[in-house]
Each structure stands twice: as structure tokens, then as C-alpha cells.
Amino acid sequence: MSDALIQATAPTAPALASDTAMVLAAGLGKRMRPLTATQPKPLVRVAGKSLVDHALDKLDAAGVVKAVVNVHYLADALEGHFKVRRQGPAVTISDERTQLLETGGGMVAAQALLPDPFFCLNSDNIWLDGPRDVFAELSAAWDAERMDALLLMVPHPRAVSYRGKGDFHLDSLGRVRRRRSGRVAPFIFTGIQLVSHRLLRDAPEGPFSTNVLWDRAIDEGRLYGICHQGIWLEVGEPSAIAPAEAWLTGA
């Protein structure tokens with residue numbers, strides 16, 4: 001078979017739903033103290049690499065070429081880090097120095113910098129992909145007609161160092177329902193999602209949690225989720241760093 005024919009018949013990777021991600025990096029990192037006394041949590045190192053670089057490198061490998069990163073706590077340190085970073089994606093800062101806007105307020109403040117839809121992820125996320133990277137998985141499942149946001153979930157057995165009761169249930173169509181108080185839910189939100197601008201419409205002013213927008217989308221039947229096929233590593237406290245490093249160095 002000729003090289004030309006091989007090239008013509010080779011399968012192509014599905015296009016990503018967006019070329020841009022918002023990386024949430026403005027939090028105070030209180031649970032990671034004392035490591036965050038003098039540095040922002042996204043710069044805490046795990047397996048020789050800062051948490052935010054783990055996230056940005058995953059975006060780069062997936063083909064996401066732009067990142068909008070919000071900053072507040074020790075913002076100068078984060079901005080300095082991005083200035084010396086030598087590989088993609090290209091970083092644009094959404095500056096929250098004057099007021100920490102929380103997750104929902106941070107997305108709304110950066111909306112003009114973000115296409116529709118856009119990926120959004122926490123800057124302290126570490127994960128191991130399954131058969132496909134998570135951004136390809138979200139893109140393949142995305143349906144703009146039905147969804148305001150699509151959340152990446154992980155079941156308890158694939159959530160390393162996680163000690164909570166879970167966050168959500170998924171119905172047979174992938175629609176999201178919250179865990180009831182005092183109960184256990186089978187899926188944990190990984191901190192990674194694909195978001196439509198429709199989710200951000202008529203948003204409150206100032207600081208607020210994305211939960212406000214999710215609750216409306218749940219009521220409207222427009223919040224969906226998919227199950228992550230790889231491993232997700234909880235790195236919320238100093239004690240979780242060693243288990244995460246064991247997974248990463250053994251992968």
C-alpha cells in the first residue's frame with residue numbers, strides 16, 4: 001500500500017470542543033498549609049512538578065492551545081511562573097487581586113476571554129488518562145443543544161486518597177443529580193468540566209460558587225456528566241502528596 005493511501009485512510013482524532021481552558025488558580029489553599037504559607041497552592045510541587053504545570057501539560061498534550069488563569073493569592077508568584085514557562089498553552093491572566101471571586105464569579109469575570117464552550121479545571125488537579133485523554137472524552141460527549149455543562153466524574157475505586165461521600169448520581173442519559181444529605185453518591189467531581197456560556201447567563205454579581213449555576217442547570221435538566229476511565233488523584237492536603245507521587249512515578 002502506498003504512503004499516500006495509508007495517509008488517506010488513517011483515522012483522524014476527533015476535534016476538541018474548544019481550544020481554550022480556564023484554569024482556576026485563585027484560591028487561598030488553606031487545606032494545604034503549611035506548604036501554602038509562602039507560595040500559592042498551584043506552585044506546590046508533586047513528583048518534581050508544580051500542580052499547575054501538571055494541569056497545563058495535560059492541556060498541552062491534548063491540543064488545548066490557550067489557557068485563561070485567574071489569580072489572587074500570591075498572584076505575583078504565579079504570574080512570574082507563567083512568564084518563564086517555555087511550552088504551551090499560551091496563558092492569559094484573569095486578575096482577581098482586588099477581590100477573590102470564587103469559582104463561579106471567576107468564570108463570569110473571565111467570560112469575555114473565553115470561547116463558547118470552554119474547558120474549565122482546577123489548577124490542583126492531577127489525573128491519569130484512560131484510553132483517551134479527558135478533553136477528548138468530554139468533547140466526544142458534548143451536545144450543545146442539551147447541555148449547559150458536562151462534568152467529568154470518577155467513581156470511588158478510581159479516586160486515590162479521596163475520603164468523602166461522593167458528589168453526584170448520573171441517570172441513564174447522563175444527567176446529574178446531587179447526593180442527598182447523609183447518603184453516599186457513586187461519583188466524585190474531578191474538577192474538570194466543559195462549560196457553555198449559557199451556564200453563566202444571569203449570574204450573580206461578585207463572588208459566588210459554581211454550585212449556584214449547577215443547581216439551576218440540574219433543575220432545567222441541562223447538567224450532564226461522564227465517567228472518567230482513568231485514575232484521579234486527590235491532592236488537597238500535604239498528606240495526599242506522597243500517595244499521588246507513588247502513582248505518578250509508578251505509571
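Helices and strands are taken here as DSSP runs, numbered from the N terminus. With that in hand, the predicted model can be explored, beginning with its largest pocket.

The largest pocket holds about 1,100 Å³ of space. Its lining is made up of 39 residues, and those nearest the centre are Arg31, Lys41, Thr103, Asn122 and Asp124. Several elements each contribute at least two residues to this lining: helix 4 (102-109), strand 6 (118-122), strand 12 (187-195), helix 6 (210-219) and strand 14 (231-233). Strand 12 is the greatest contributor, supplying five residues. Sorted by class, the lining comprises 17 nonpolar, 14 polar and eight charged residues.

Attention turns next to the cysteines. A disulfide requires a pair of cysteine sulfur atoms within 2.5 Å, and by this rule the model has zero disulfides. For Cys120, the closest cysteine sulfur belongs to Cys227 and lies 20 Å away, so the two are too far apart for a bond. Cys227, likewise, is in no disulfide, with the sulfur of Cys120 as its nearest cysteine sulfur. The surroundings of these residues can also be described: Cys120 is buried, with a relative accessible area of 1%, whereas Cys227 is partly exposed, at 26%.

A last stop is Arg86, which sits in the loop between helix 3 (75-84) and strand 5 (90-95). Arg86 is exposed, its relative accessible area being 73%. Between the C-alpha atoms of Arg86 and Val108 there is a separation of 28 Å, with the two residues 22 apart along the chain.

Note on methods. Residues numbered from 1 in each chain as written. Predicted model: local features only at pLDDT ≥ 70, side-chain atom pairs only at ≥ 80, totals over all residues. Heavy atoms only, no water. Helix = DSSP H or I, 4+ residues; strand = E, 2+ residues; numbered from the N terminus. Buried < 20%, exposed > 50% of the residue type's maximum accessible area, 1.4 Å probe, protein only. 1 Å grid on protein atoms, 1.4 Å probe; cavity = no way out; pocket = protein on both sides within 12 Å on 5 of 7 lines; lining within 4 Å. Points joined across faces, edges and corners; volume = space filled by probe spheres on them. Nonpolar A, V, L, I, M, F, W, Y, C, P; charged D, E, K, R; others polar.
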